[in-house]
Amino acid sequence: PSLAPSLSPPPPPSLHPGVEMGKPTHFTIHTKGAGKAKANVQFTGPTKAEAVRDFDILDNHDDTYTVRYTPVQQGTLGVGVTYGGDNIPKSPFNVGVSPTLDMNKIKVNGLSDKVEVGTDQEFTVKSKGAGGQGKVNAKITGPANKSVPCKVEPGLSPDNSIVKFIPRDEGTYQVDLTYDGIPVKAYGPGLRGGVVGSPAPFTIDTKGAGTGGLGLTVEGPCEAKIECLDNGDGTCSVSYLPTEPGDYLINILFAGSHIPSSPFKASIKASFDPSKVKAWGPGLERGRVGESGDFVVDCAGAGLGELNIEITSESGAPAEVLIQDNGDGTYTITYIPLYPGTYTITINYGGQPVPNFPAKLQVEPAVDTSAIKVYGPGVESRGEAPTSMCLTLPPSVTSSSHYI
């Protein structure tokens with residue numbers, strides 16, 4: 001008897017999600033023993049519009065054909081396979097095409113940051129509008145890197161999944177969730193922000209994600225140069241170089257879909273140069289207890305940064321410091337020391353020290369007794385008879401009546 005061609009793997013049944021809209025897929029036609037003829041495939045979508053794109057039939061010259069295509073309509077796709085003009089068994093096949101995967105639509109509810117040992121815990125993964133196949137997997141790791149049993153069950157609606165587990169030990173637990181087997185994640189300071197002119201780094205981790213192309217773009221006020229290094233362990237080290245301040249969007253796609261939290265929003269600040277900060281004024285040269293001292297800090301040529309000033313005594317007691325923004329890139333600094341002695345003035349701009357600081361400041365007492373002189377018979381050891389003495393006070397010391 002003659003043999004009919006077959007498909008491998010068998011196509012999924014009707015209404016069962018099989019492929020994803022906009023994502024390339026393929027199947028194989030086996031023709032061994034069916035004789036020599038031409039294989040052909042026709043697609044029928046839910047609407048009269050084009051059902052697929054990038055359609056191709058590749059003859060492998062081993063009695064098999066590989067059929068590649070990308071579905072562009074959501075719903076049931078009819079796949080008609082003919083060989084020599086005749087339908088093969090079970091053709092046409094019905095393939096469920098799910099919506100394009102959008103990881104940003106996935107939400108997690110009910111996952112508390114504090115749970116009680118030995119009690120049933122559960123949280124919900126909501127995937128409404130996320131598309132894809134809708135398969136949720138969970139992996140929970142407890143203290144000492146110990147695996148924690150967990151179950152993923154269907155929720156009350158088709159796009160909800162319930163994750164259940166019981167924590168047995170005290171400590172920190174890590175919950176890893178995947179959707180349609182995509183565990184790709186990205187992390188690093190460059191996904192949150194950076195400084196103009198400095199590389200903003202981050203890492204993309206694709207370990208366990210299977211095969212799929214990695215896409216990366218950076219959108220912002222300027223075109224940022226991107227560098228990507230494959231570390232050979234399933235991770236990539238990435239950096240981009242922003243040349244203008246503002247908000248940047250980092251788009252990271254795996255297998256044509258955004259990974260969780262993509263696009264990331266990074267705030268890039270203007271660069272600064274603390275070496276161009278200058279400070280001057282009498283308050284940097286001397287001080288007196290209870291009296292205000294002042295000086296000026298000029299940041300006009302240093303770029304955008306945060307000015308921070310501390311003035312502390314040897315014992316660690318801080319002086320009260322007031323920073324007044326003059327609106328022209330300069331700041332007037334006023335301070336009041338409460339104790340005499342040596343103080344340290346620290347000036348940081350953008351978290352970095354400016355030239356010539358920290359610096360020392362000598363704070364004098366409110367009254368300087370070193371210039372006061374006492375003389376007369378009253379302070380000389382010549383007997384016990386009533387006597388008198390004179391006090392000579394410097395101009396800086398004011399006095400009313402003094403009795404000794």
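## Cysteines

In this predicted model, Cys236 counts as buried, at 12% relative accessibility. Cys299 is also a buried residue, with a relative accessibility of 4%. The structure nevertheless holds zero disulfides.

A disulfide is a covalent bond between the sulfur atoms of two cysteines. For Cys236, the closest cysteine sulfur belongs to Cys228, at 4.3 Å, and this is too far for a bond. The cut-off for counting a disulfide is a pair of cysteine sulfur atoms within 2.5 Å, so the pair Cys236 and Cys228, with sulfurs 4.3 Å apart, does not qualify.

## Overall organisation

The protein contains 36 strands and zero helices. It is made of 404 residues, of which 32% count as buried. The exposed surface of the protein amounts to about 24,100 Å², and carbon and sulfur atoms supply 51% of that area.

Contacts between residues with a separation of 6 or more can be divided by distance along the chain. Residues 24 or more positions apart account for 61% of these contacts.

## Nonpolar cores

The largest nonpolar core has 22 residues. Those that touch the most other members are Phe295, Val297, Leu307, Ile309, Ile311, Ile345 and Ile347. Two or more residues of this core come from each of strand S28 (293–298), strand S29 (307–313), strand S31 (330–336), strand S32 (341–349) and strand S34 (359–364). The most is given by S32, which contributes four residues.

Leu307 offers a view of the surroundings of one core member. When its neighbours within four places in sequence are left aside, Leu307 is in contact with Val297, Cys299, Ile323, Tyr331, Ile333, Ile347, Asn348 and Tyr349. One of these partners, Cys299, is the buried cysteine at 4% relative accessibility described above. Apart from the largest core lies another core, of 20 residues, including Val196, Ala200, Ile252 and Ile259.

## A nonpolar patch on the surface

Nonpolar side chains also appear on the outside of the model. Val108, Leu111 and Leu177 form a nonpolar patch on the surface, and together they have about 210 Å² of accessible area. Leu177 belongs to strand S16, which covers residues 174–179. With a relative accessible area of 30%, Leu177 is partly exposed.

## Two buried positions

Gly188 is located in the loop between strand S17 (185–187) and strand S18 (193–195). Although Gly188 is in a loop, this glycine counts as buried, at 17% relative accessibility. Not counting residues up to four places away in sequence, Gly188 touches Pro201 and Phe202. The C-alpha atom of Gly188 is separated by 8.9 Å from that of Ile204, a residue 16 residues apart from Gly188 along the chain.

Asn160 is found in strand S15, which spans residues 160–165. Asn160 likewise counts as buried, at 17% relative accessibility. With neighbours within four places in sequence set aside, the contacts of Asn160 are Thr124, Val125, Lys126, Pro154 and Gly155.

## Backbone features in two loops

Most residues other than glycine have a negative phi, and most peptide bonds are trans. Two loops of this model hold exceptions to both tendencies.

The loop between strand S8 (86–87) and strand S9 (93–98) contains Pro92. The peptide bond from Ser91 to Pro92 is cis, with omega near 5 degrees. Lys90 lies in the loop between S8 and S9 as well. The phi of Lys90 is near 70 degrees, a positive value in a residue other than glycine. Lys90 is exposed, with a relative accessible area of 74%.

The loop between strand S33 (352–353) and S34 contains Pro358. The peptide bond from Phe357 to Pro358 is cis, with omega near 5 degrees. Asn356 also has its place in the loop between S33 and S34. Asn356 has a positive phi, near 70 degrees, and is a residue other than glycine. At 69% relative accessibility, Asn356 counts as exposed. Strand S34 (359–364), which borders this loop, is one of the elements that give two or more residues to the largest nonpolar core.

Methods:
Residues numbered from 1 in each chain as written. Predicted model: local features only at pLDDT ≥ 70, side-chain atom pairs only at ≥ 80, totals over all residues. Heavy atoms only, no water. Patch = residues over 30% accessible without salt bridge, like charges linked within 9 Å, V, L, I, M, F, W, Y side chains within 5 Å. Areas by Shrake-Rupley, 256 points an atom, 1.4 Å probe, with all protein chains shown as cover. Salt bridge = Lys/Arg side-chain N within 4 Å of Asp/Glu carboxyl O. Buried < 20%, exposed > 50% of the residue type's maximum accessible area, 1.4 Å probe, protein only. Contact = heavy atoms within 4.5 Å. Core = buried A, V, L, I, M, F, W, Y, C linked by side-chain atoms within 4.5 Å.
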